[in-house]
Structure formats: structure tokens, C-alpha cells
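Colleague: Please take a close look at one part of this model and say what surrounds it. Give the cut-offs as you go, and add enough of the rest to place that part.

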Amino acid sequence: MLRIALPHIAVGPTSPSFARWRGALQLWRRRERERGDLARMSEAELHDIGVTSAERWAEIYKPCWRG
């Protein structure tokens with residue numbers, strides 16, 4: 001188990017701050033995956049889910065940290 005001990009900060013696989021970082025990274029990866037799926041959709045598929053081409057491009061070009 002990796003544990004970094006600083007005077008008032010403990011960061012390791014079980015620390016709350018590590019869990020927040022891990023959760024944020026997982027969320028960002030999921031957004032990137034979903035945006036990639038959206039980029040590959042045809043116009044017919046977009047129509048089926050009720051998304052316009054403009055909405056697709058607006059979503060695709062967001063940075064991963066923006067929801």
C-alpha cells in the first residue's frame with residue numbers, strides 16, 4: 001500500500017482525498033468515452049436520441065472536466 005505522509009496530509013489509496021481524485025478521473029474518462037461515442041453517431045442516430053448536430057459538436061468540444 002502506497003502511503004505518502006506529510007505533516008498534515010496523508011494521501012494513500014484509502015484516504016478521502018485520493019478517493020475524490022479517483023472519482024474525478026473516472027468521471028472524466030467516462031465523459032471522454034461518451035463524447036467519442038457521440039462523435040461517431042450518424043445523423044439518423046442523433047435524430048433518434050433527440051440531439052441536433054450543433055448540440056453534438058458543442059458537447060464534443062467541451063473539455064473533459066466540464067459536465
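Modeller: Contact here means heavy atoms within 4.5 Å. Under that criterion, and leaving aside neighbours within four places in sequence, Arg 31 is in contact with Cys 64, Trp 65, Arg 66 and Gly 67. I take Arg 31 as the part to examine. This is a predicted model, in which local features need pLDDT of at least 70 and side-chain atom pairs count only at pLDDT 80 or more, while totals for chains, interfaces and linings use all residues. Residues are numbered from 1 along each chain as its sequence is written, and side-chain values use heavy atoms, with hydrogens and water left out.

Arg 31 sits in helix 1, which covers residues 16-40; helices (H or I, at least four residues) and strands (E, at least two) are DSSP runs numbered from the N terminus. Arg 31 is buried, where buried means under 20% relative accessible area, exposed means over 50% and partly exposed lies in between (1.4 Å probe, protein chains only). Despite being buried, Arg 31 has no salt bridge, that is, no side-chain nitrogen of Lys or Arg within 4 Å of a carboxyl oxygen of Asp or Glu. The nearest side chain of opposite charge belongs to Glu 34, 6.7 Å away; Lys and Arg count as positive, Asp and Glu as negative, and His and the chain ends are not counted. What does lie by the Arg 31 side chain is a backbone oxygen: that of Trp 65 is 3.2 Å from one of its polar atoms. The criterion for such a polar contact is a pair of N or O atoms within 3.5 Å; within protein, one must be able to donate a hydrogen and the other to accept it, and residues adjacent in sequence count only if both atoms are side-chain atoms.

Cys 64, one of the contacts of Arg 31, belongs to the segment after helix 3. Cys 64 is buried, at 16% relative accessibility. Setting aside residues up to four places away in sequence, Cys 64 touches Trp 28, Arg 31, Glu 32 and Arg 35. Between Cys 64 and Arg 33 the C-alpha distance is 9.8 Å, although the two are 31 residues apart in sequence.

Arg 35 is also in helix 1 and is buried, with 6% relative accessibility. Beyond four places in sequence, Arg 35 touches Glu 59, Ile 60, Lys 62, Pro 63, Cys 64, Arg 66 and Gly 67. A polar atom of the Arg 35 side chain lies 3.2 Å from the backbone oxygen of Lys 62. Lys 62 itself forms a salt bridge with Glu 59, with the closest N and O atoms 3.2 Å apart. Both partners are partly exposed, Glu 59 with a relative accessible area of 26% and Lys 62 with one of 21%. Salt bridges with shared partners join Arg 35, Glu 59 and Lys 62 into one network.

The search of the whole structure finds 5 salt bridges. One of them pairs Arg 40 with Asp 37 at 2.7 Å between the closest N and O atoms. These two residues are 3 apart in helix 1, about one helical turn; Arg 40 is exposed at 63%, and Asp 37 is partly exposed at 42%. Another joins Arg 56 to Glu 43 at 3.1 Å. Arg 56 is in helix 3 (residues 53-60) and Glu 43 in helix 2 (residues 43-49), so this pair ties together parts 13 residues apart in sequence. Arg 56 is buried at 5%, while Glu 43 is partly exposed at 49%.

For the wider setting, the protein has 3 helices and 2 strands, running β-β-α-α-α from the N terminus. Buried residues make up 15% of its 67 residues. Of the contacts with a separation of 6 or more, 33% come from residues 24 or more positions apart. The exposed surface is about 5,500 Å², of which carbon and sulfur atoms supply 61%; accessible areas come from the Shrake-Rupley method with a 1.4 Å probe, and for residues only the protein chains shown count as cover.

The structure holds 1 aromatic pair. The rings are those of Trp 57 and Tyr 61, with centres 5.8 Å apart and planes at 25 degrees, so the pair is stacked. Rings of Phe, Tyr and Trp (its six-membered ring) pair if their centres lie within 6.5 Å; planes under 30 degrees apart count as stacked, over 60 as edge-to-face and the rest as tilted. Trp 57 is partly exposed at 38%, and Tyr 61 is exposed at 64%.
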